[in-house]
Amino acid sequence: MDREEAIKFLKSKSREEIIKYLNLIKEEKSYVTYSKNVFIPLSKWCRNRCGYCIFREEKAKIMKPNEVKEILIKGDKLGCREALFTFGEKVDENKEIKEELKKMGFSNILEYLYYLEDWTLENTNLLPHTNCGILSYEELKLLKEVNASMGLMLENISERLMNTVAHKYSPGKEPRLRIEMIENAGRLKIPFTTGLLIGIGETEEEIVDSLFKIKEIHDKYGHIQEVIIQNFRAKKGIPMENFREPSPLKMLKVIILAKLILKDISIQIPPNLNKETGQLFLLAGVDDWGGISPLTKDYVNPEAEWPEEEELRRWSEELGLKLKLRLPVYDKYISREWLSEKVYNKIKALGWKIED
Ligand SMILES: O=c1nc2n(C[C@H](O)[C@H](O)[C@H](O)CO)c3cc(O)ccc3cc-2c(=O)[nH]1
Ligand SMILES: C[C@H]1O[C@@H](n2cnc3c(N)ncnc32)[C@H](O)[C@@H]1O
Ligand code: SF4
């Protein structure tokens, strides 16, 4: 599959073409994975203002250690294994937050995050995954010690979108910065999650170029464990509230392409954003349902409830696929090569069985 062929397919209106490419997806695997998590929105303030985001708040607020710990302890009791720290980008650029952190005894947000993630490893059976926007090489290096995996959505490789409602007020969505961070994570051997946001005004060419860029980075470092194909959801009150959501067919075609281009990388579809269509996407080779939570909502898409574990199981089993719990780090990355001593030992202490 090369660039031209991929673009042609994405633009094609032929039903036969779709069936032809679906037929190219050969699957030996017998399961679909998911993670059981708690979502910790440490702060909703953010230096960016993405046109599609409902998560961001102007209020300079930050979760207190006890609030966070309570969620972690409850999640642990419910059998969660992932602590998802997803929050605004560079929140300590906000003076009030910085002050608040100082009062709590931390000089910046990442020092506070490190403390909380270390506490998670010491006191619960959850493993941290951080997705908080742009981080430097040094910051990634530090956080690797206490994270099982980390993530950053590429969103799209398009520079052009930086001048549109999607990214015009979001310096952190500059594709060069995102690519640089994903590469730095590779240099540091951090198991990594990235993905595309579909339906934010991008062209077919830009989708294809984004997929090939991820493939190029992965060929160099081998650290991309999964790629999320996330469908834009219109919501009242966002600048992009009148944008059209991507059609199920568009999603299906992008998933097919992702699968054919990214090969050994797992393709993730958020099940709460694809309740009607998710099961059919399994036909196109979706490997993973991402994180669902028995405790916390999806703060990025608060209107979209998580399906129950049993529902995911039924969707999967109807297609002859077992539903299999995974950790925030995929089994193939569970080794001293990819994980810090601390995280590796924690996973061993959990008694996690790696079978393939
Ligand atoms: O609950 C969510 N989890 C999100 N996750 C987490 C994901 O569902 C899983 O927790 C990961 O597969 C890690 O195991 C993300 C992780 C990333 O690294 C990058 C982006 C996302 C986006 C979301 C999201 O919108 N909602
Ligand atoms: C955490 C990730 O959630 C995605 N995200 C942000 N806003 C929306 C929306 N309206 N619909 C779907 N996904 C969204 C972005 O890709 C972000 O990186
Ligand atoms: S999507 Fe992330 S970076 Fe963009 S405004 Fe929302 S919180 Fe900030």
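Start by selecting ligand 2: around it you'll find Tyr 52, Cys 53, Thr 86, Met 153, Glu 155, Leu 197, Gln 230, Phe 232, Arg 233, Lys 235, Val 300 and Asn 301. A residue counts as near a molecule if its C-beta atom, placed from the backbone, lies within 6 Å of it. Keep in mind that this is a predicted model, where local features need pLDDT of at least 70 and side-chain atom pairs count only at pLDDT 80 or more, while totals for chains, interfaces and linings use all residues. Residues are numbered from 1 along each chain as its sequence is written, with chains lettered from A and ligands numbered from 1 in the order in which they are written.

Color that shell by class and you get six nonpolar, three polar and three charged residues. (Ala, Val, Leu, Ile, Met, Phe, Trp, Tyr, Cys and Pro count as nonpolar, Asp, Glu, Lys and Arg as charged, and the others, Gly among them, as polar.)

Next, hop to ligand 3. Its surroundings are Cys 46, Asn 48, Arg 49, Cys 50, Cys 53, Phe 55, Arg 56, Gly 88, Glu 89, Gly 133, Ser 170 and Gly 172. Here the split is four nonpolar, five polar and three charged.

Now ligand 1. Of the 18 residues around it, Gly 151, Thr 193, Gly 290, Gly 291 and Pro 328 come nearest. Show the strands too: E1 (31-40), E2 (82-86), E3 (127-131), E6 (224-231) and E8 (288-292) are the elements that give two or more residues to this shell. E1 supplies the largest share, three residues. By class, the ligand 1 shell holds six nonpolar, nine polar and three charged residues. Helices (H or I, at least four residues) and strands (E, at least two) are DSSP runs, numbered from the N terminus.

Time for some helix packing. Select H1 (residues 3-11) and H9 (residues 248-262): they pack at about 160 degrees, with axes 10 Å apart. Axes are lines fitted to C-alpha atoms, for helices over the stretch in contact, and angles run from 0 to 180 degrees between N-to-C directions. H1 and H9 are therefore roughly antiparallel (angles over 145 degrees; under 35 is roughly parallel, 65 to 115 roughly perpendicular and the rest oblique). For the contact itself (C-beta atoms, placed from the backbone, within 7 Å), pick Ala 6, Phe 9 and Leu 10 of H1 and Lys 253, Leu 257 and Ile 261 of H9. That makes five nonpolar, no polar and one charged residues.

Keep H1 and swap in H8 (residues 204-221), which packs against H1 at about 135 degrees, axes 9 Å apart. So H1 is oblique to H8. Arg 3, Ala 6, Ile 7, Leu 10 and Lys 11 in H1 meet Glu 204, Glu 205, Ile 207, Val 208 and Phe 212 in H8. This contact has six nonpolar, no polar and four charged residues.

Finally, zoom out: the chain has twelve helices and nine strands, and its C-alpha atoms fill a box of roughly 60 × 45 × 35 Å along the principal axes.

Definitions and conventions:
Two residues are in contact if their C-beta atoms, placed from the backbone, lie within 7 Å.
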